[in-house]
Each structure stands twice: as structure tokens, then as C-alpha cells.
Amino acid sequence: MDTMPIERNNSTVKELLTITFIAVLFLIVTGCTSNSKSLSPDELETMAQGIDKGLMCPVCPSETIDQSQVQIAKQMQIIVREKLAEGSSRDTIFQFFTDRYGARILAEPPKSGFNLLVWVMPPMALLVGSGILIMIILAMRREHHGEAPKKLPAASADIEPYLSAVDQEIRRLTQWSTSNNAKDLPPPQSAKGNVE
Amino acid sequence: MADLGNISLLLSLVLGIYSGTVSMLGVWQRSPQLLQSARNATYLTPVALGVATAGLIGAFVSNDFQVEYVAAHSNLAMDTQYIWVAFYAGNEGSLLFIAFALSIMSALFIFFSSRTIQASLPHINLVLMIVLMFFVAVMIFLANPFARLDTIPLDGQGINPLLRHPGMFIHPPMLMTGLITFTVPFAIAMGALLSGKTGDEWVDSGRTWGIIAWTILGAGTLLGMWWAYTILGWGGYWAWDPVENSSFMPWIVITAFIHSIMVQKRRGMFRMWNLALIIIAFGFAQFGMFINRGGPVPSVHSFGQSTLGWIFLLFMGVTMVSSFAVFFMRYNSLKSARPLESALSREAAFLVNNFLFLTIAFVTLWGVIYPLISDIFQGQIITVGAPFFNQVIGPLFLMVIFLMGIAPFIPWRHATWLNLRSALMMPVVSAIAVAVILVLSGITKPWAVIAFGLCALVVAGILREWVRGALSRHKRGENYPVAFARLIAGNRPRYGGYVAHLAIVLLALGIAGSSFYEVQKDIVLSPGASTDVGDYTIKYIGADALERADRTEAKAHVQVFRGDDFLGNYYPQRDFYPSFNMASTKAAIRSTPIEDLYIIPGEFLEDGRAVFRIHINPLVMWMWVAGPLLFLGVIVALWPQRAMTTTYANTPKDETEASSAIGTK
């Protein structure tokens, strides 16, 4: 009655791979899941606090049992400590509460099944976004190398002739350098002095 | 009183509609008189809404419980000073507050508007009035703060105990004002689009008001964190609650905006992008107001809940669709003045900055709405709480700090690896040195070491530039303080930004310190007993209980020792409100630059024992120092600079090396 079997068997290799992928990406340091019998009371308490922070209070909106001050949260904290003392692991305890209250009792969605989506999306957004960003930067650069200089706004009309001279100079230098090595663009100071 | 309020509300509706209509008529007729008349009407809206505000406050003062809102948020026992809090504690009152704030901001903006945006001012005014009228109309037709009850109750229900705290006097109004102030930069941008003045005329005003909104919302958020830390009694300051997220997201997007607008200011680039960004920021601000007003997600902050959420969602949808419609109509006039010259340039770094900030905002949004997605697609109710955001947003923030450490030193237009190396060598070495020292001294958690190292990178880079600049001025005969002051004054947007960056570093220090090295202990103590936490010894002396009209105040007396040193008496307090069945705690905090000792009283048991939660929160004090510093940075950045015509940074030179070191003169 004390420990629930952990249902890990059904997780496919693919799922595991994805989990590892996320883990690597964010270096998630999950709490220790080993048998806790060898731990000192202080270590047990630290573990218990970690678990408290991962369980939502079932009756109060958006507070963990660690934060909440209502009675049921206190009782759940006691259950967490009892189970840890009996030797249950972090996962077993989470499973115990999930079986009773459903997945919403967990402060973070489980990293399995449909809920993998919530975890996979952020790194995907970062990757896809980076790709788009690189494409934008490249496109903007190509525009620079391909097109004639644009008209400047009226505000800077007084320095316009100067600017176009500088731009032409730079373009000449850049074109010269792209045939050799773009990194070694000669210091652009050669395009004369300072505007201010 | 209530009648006066009602009449003023109607009056402000008339004024707003008049102002918006007449300013368009004025443009159409090319009539300065009409435009002036519209302006005057805008100036009068804060007067009308001010009278309405006074009317509601008057109803509170006179305990007019026939007014439903007063009956619901006040009672006879309430201290007078809490009337201000009760005023915006509920939905209707906060709407009135928001409308009043927006009308003031609109009037201020129009009064101080610069010459460069006069041509689009009527359009800006129109947008401001449309938003303002939305709020006024919602009040008049759906959530009237002056609505009356049929029967007059003898006493009101009283104010939520969690709101009775000094922080509550400033935090919620600042958040509301901050969110609604997003309307001004948004209106400036939309005015530019509508009037076809899509060049760089709007940039200075847009930047100024973007920074103002950013500051108010940021300060409000910080105050909220401080409030949570000192009163909510769980030793933390940020819980990634949906309501917190809903002020965090617009703040992040407008942070991106106030960075990228600099590129347009200096280089005439990213025109389209800046407009899109401010529209998105305003969208997030509206989303925030929607979540606050009975959105679909549960929150600890649901003080002003109502069923009005969907009206706000509708308004948000309409605004976004119409804004982007206008945006695409003007699409062709939004080309950059010049192209991006190199992927290794300040411009490109700003793009990366914007990308990171937007990713943070949208990932947060994703976490906020995922419970709905889960409910719809798998029929499972799911919580997306703090652990998710810490794991996902944390690394993104570290990337932001990394960028903050290097981007300011990448020159405009085109950088070479050579000048990058010379600018970054010292900061990078310092960062690595700090990381090594930390590891050697026992700070070994990888994420903490990375975070502190990145903080060192930022600080070293900024100090390097300041020291070099001041030194080179000193060589020309100025003494050090003058040299430094003139250096800062020489390029205020840049160095104000640096001060703000330093404040962000302080925030990061506090967050990293308290999230990686927090110690927590729950303990039951009988009077006279003591317990050890870290190297502190906490001794519980006893408790006093004081019966008040609406609450029981229990004040514990504890003494704190370190070794044999007596560090002081502390009095954590817990107030219990029987009518709400709610308790609010006042933590006793011993704050030092190294760490806070934080004592919260839990329950006081029948037998005289008391439950305490004791935290040691490293470095948290720096987070509260960050607030004033951030403010200082904003003042420096916004201080009007003489002859501030839009000058493009066309010096191909590395400006960190040359111009800024001597101060651009």
C-alpha cells in the first residue's frame, strides 16, 4: 500500500531520447531519485522541501504546498515526510499524489506523453527562431551588398553628401575585400574623419 | 457623491468622443481651431475622471454603503488610510483608476509633445481617446463603480487583509499605471502609421514614453516582489503566477523595444520592426489586463476578478487586428534608411537582443496558456508552475546577461574580430577569474557559477569603459569626479543604459543567490527553546496576542544570535482575520549585504508553542538596491540632451574606443 509501481515501462525509446535532449539543452538537474534510507535527517528535509515545491495545493489557486498556509497543504507536507522516511523516492511520492489528484497536482507538467509538448516548444522556438534570425541577418546583408544607397531622411540632409561619400567608399572597400577575405576589411577609418 | 461620479463619467465619455472625432475633423478640414479644441477636450478628460475618482473616494469616506462597490470593499472598522487601497481593490474601482491614469498620461503627453511629431498628433490623440473611451464605456455600461444596491447594508464586507500593507499603497497603482502607459508609445507609433509620417519623427517621443512605461511597470513589479517577500510569508518574491507573468511579458517586450528603438534613433534602421514591436508590447499589456480581470487561469492575485475578461480579450483582438492592418497598409513606406552592413555589428547584436527578449515573452505566454491547450486537446487539467519557468526562462536569461556583457562593446556598422578582442579581453578574463575564485571557495553549483561569472562579465565591461573614459579625460586636466560626470553627461542614453544594466546585474545576483543557495527550515518552538539555522541561533522568547476590531494580532518575540554574539530582537507578526478566515504575516527580516535571515511565524498553538519558518536568503538585499539604481539609470538616459537632433552614428570608428571615451563632443 505504501509505494505505487512507477509506470516507466511504456515510455518509448523516442520519448527517452527527447527527454535526454531537453535535459542536455537545459542541464536540468532533477532531484536525487535514489533510495533515501542512507540520507541524514537534514538531507531528507531538504529533499522534502524540494518535493513540497513541486506539489500544488489542491484547494488554493496557483500555490505550492510549500507556499500555502492552509491545513491540507500542511497535511500533504507531513505525508511527504512520512513517505520519505519510509524510503519512497521523489518520483513515487509524485506518483502517489498524481493518482489521487490528477496531473494538475504537479507544479510542472510531466515530461511524457502529450505534455512533452510544453517542454519541447521552448527549445524548438529558440532553435527555429535562431534560424530565422540568421536568415534575416543574411538577407539584410545581401541587400546591403546588392542595392544602391537609400535616400536618407530629411533630418540628416545636411550631412547627406558626406554620408553617401562614406557609403561609397565603404562599399568599394568591402567589394574589394570580399574577393579576398571579408574579415580583413581595412579599418574603415580610411573613409575619412568623424561626423561629429 | 455617487451621482456626481456618474455624471463625471458620462462627461468624460462625451469629452473623449468629442476629442477623437474633432481631431480627425480638424485634419480633414485642415483647421487649427478644431485641432486646438480637440486638444482642450483631451486636457479636460483627467479633470472629469478626477472628479469621478473623488466621488468614489468621497463615497468611501462617508461610508456610503448604498454604493455596491463601497459595501463590497470597505467597512466601518477599516482604517481611513486604506480607503486609497480599497478604491482600486476591486474590478470597477481599478477600471476607474486605470482610466484616470490614462487620461493623465494622455494629457501630459500632448502637453509636452515635441515639435517633430505635431503632424501626427491628431492621429495619436485619436488612438489615445479610443483606448480611453473603451475603459470609460466598460465602466458606464458593464461595471459601474457607482452602481447602487436596493437595500442599504448596515456595514460593508471590508477589505481583503492581504491588501493591508504599505506596499499595497504603491504597488498595484504602479502596475496599473505602467500597463496603461503602454498606450502612449503605442498611440505614438499608430499615429505615425495613420498619418503616414512613418520616418523617424516619432522615434524620440516613442523612446521616451516607452522608457516611461517600462520604468513604471518595472518599479511596480519590483515593489510587488518586495511586497510578496515581506508579507506573503513564503520567503520568496516571484512565483511565476499567471498575473505576475502577465505584467512580466509586456515588460520584457518593451525592454526589447527601448533597445531596438536606439538603432532607429542612431542609424535609421529597423523602422518596421520597432513599430511591430510596440504593437506587440501593447498587445501583451492588454493581455495582462485580460488575465487580471477574470482570465481563464487561476492565480493568487485574483483580487479584482470579474467576468469582464472576455470584453478585454475582444478589445485586444480588435486592436491587434486593426493595428497590423494599418501596419501592412503602410508596409512600403517602412523600409530602413540603410541596410545592415555586417553580421558582426551593434545593429545585429540588437537583433539578437530582440530575438531573445521576444523568445522569453512568448515562451512565458506559452507556459501561461498551456493549461488551456492541455484542457482542450487532452481534457486534462495541468499546472504549469514555477519549476517549469525556472528551467525554461532561466537559461534564456543567462543568454541575455551574456549579451548584455558583450553587445555594448560591439561597434556600430561593422566590427572586426580585432577590436572586439581588445574590448572584450579584460571583461572575459575577469569573468573567468570570478568563476574560478567562486569554485575554489566552494560555490560549485554549475548554474550559479555561470550566473555569477556572467554578472562579472557585465560589470567588468562597464567599469572598463568608465575607467578608461574618466582616465583619458583626467589626462586633459579634469579631476576624477568631474571627468566621470562629464563622461556620463556626454552620452546619456548610453551611460544611463549602463546604470540600468548594473541594476539588472544586482537583480540577477539576488535571484541567483537566493534560488541556488537558499536555506529553509520549518520548526516548532516552545517559549525559551532555540534552534540553529546556518550559523544563526534563533531563540523564541514568547508571543503577545492583541485583539483588534477585525483581527487578532499575534506578535512573536525572537532573539537572534550568531555564536555568542547577540544580533538583536525580532518581532515576526501574524494577523488573523476571522471574517475572511485568512491570515497575513509580517516577516522579521535581518538584512545584510551577504544574506537575509528571514523569520515567518506560522501558527501559534494552544500550548504556547509556535511554528516558524526560517529562511536564509543570500544576496536578496541587492534586489531592492536595484530598484533605485534602475530609476537613476532611467533619469540619466532620459535627461534632455542639448542639441539632440537625430544624429546617426556614422562614425565608422569603434566608438567604444574613441568617441565615447572622450565623450561625444
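## Exercises on a predicted two-chain model

**Exercise 1. Decide whether Trp273(B) is buried or exposed.**

Solution. In this predicted model, Trp273(B) has 21 C-beta neighbours inside 10 Å, and therefore it counts as buried, since the cut-off for a buried residue is 20 or more. As a next step, place the residue in its element: Trp273(B) belongs to helix α11 of chain B, which covers residues 271–292. Finally, relate it to another part of the chain: Ala192(B) is 81 residues away along the chain, and the C-alpha atoms of Ala192(B) and Trp273(B) are 14 Å apart.

**Exercise 2. Check whether the end-to-end distance of helix α18 of chain B agrees with its number of residues.**

Solution. Begin with the count, which is 25 residues, from 492 to 516. At 1.5 Å a residue, and with the expected span taken over one less than the number of residues, the helix should span 36 Å. The C-alpha atoms at the two ends of α18(B) are 35 Å apart, which agrees with that expectation. To complete the picture of this helix, turn to its surroundings: 19 of the 25 residues of α18(B) are buried, so that the helix is described as mostly covered.

**Exercise 3. Find out how chain B compares with a globular protein of its length.**

Solution. First list the elements of chain B, which come to 20 helices and ten strands. The radius of gyration of chain B is 27 Å, and because the globule rule gives 26 Å for 665 residues, the chain is as compact as a globular protein of that length. Along the principal axes, the C-alpha trace of chain B spans about 75 × 70 × 60 Å. Of the 665 residues, 55% count as buried, and among the contacts with a separation of 6 or more, 74% are between residues 24 or more positions apart.

**Exercise 4. Describe how domain 2 of chain B meets domain 3 of chain B.**

Solution. Start from the domain assignment, which gives chain B a domain 1 (1–164), a domain 2 (166–337 + 350–360) and a domain 3 (519–618). The C-alpha centres of domain 2 and domain 3 of chain B are 39 Å apart. Four residues of domain 2 of chain B are in contact with eleven residues of domain 3 of chain B. On the domain 2 side of this contact there are one nonpolar, three polar and no charged residues.

**Exercise 5. State which elements chain A contains, and in what order they run.**

Solution. Chain A has six helices and zero strands, so that the order from the N terminus is α-α-α-α-α-α. Buried residues make up 20% of its 196 residues.

Notes
Residues are numbered from 1 along each chain as its sequence is written. Chains are lettered from A and ligands numbered from 1 in the order in which they are written. This is a predicted model: local features need pLDDT of at least 70, side-chain atom pairs count only at pLDDT 80 or more; totals for chains, interfaces and linings use all residues. Helices (H or I, at least four residues) and strands (E, at least two) are DSSP runs, numbered from the N terminus. A residue is buried if 20 or more other C-beta atoms lie within 10 Å of its own, exposed if 12 or fewer, and partly exposed in between; C-beta atoms are placed from the backbone. Domain bounds come from an automatic or database domain assignment. Two residues are in contact if their C-beta atoms, placed from the backbone, lie within 7 Å. Ala, Val, Leu, Ile, Met, Phe, Trp, Tyr, Cys and Pro count as nonpolar, Asp, Glu, Lys and Arg as charged, and the others, Gly among them, as polar. The radius of gyration is taken over C-alpha atoms; the globule rule is 2.2 Å times the number of residues to the power 0.38.
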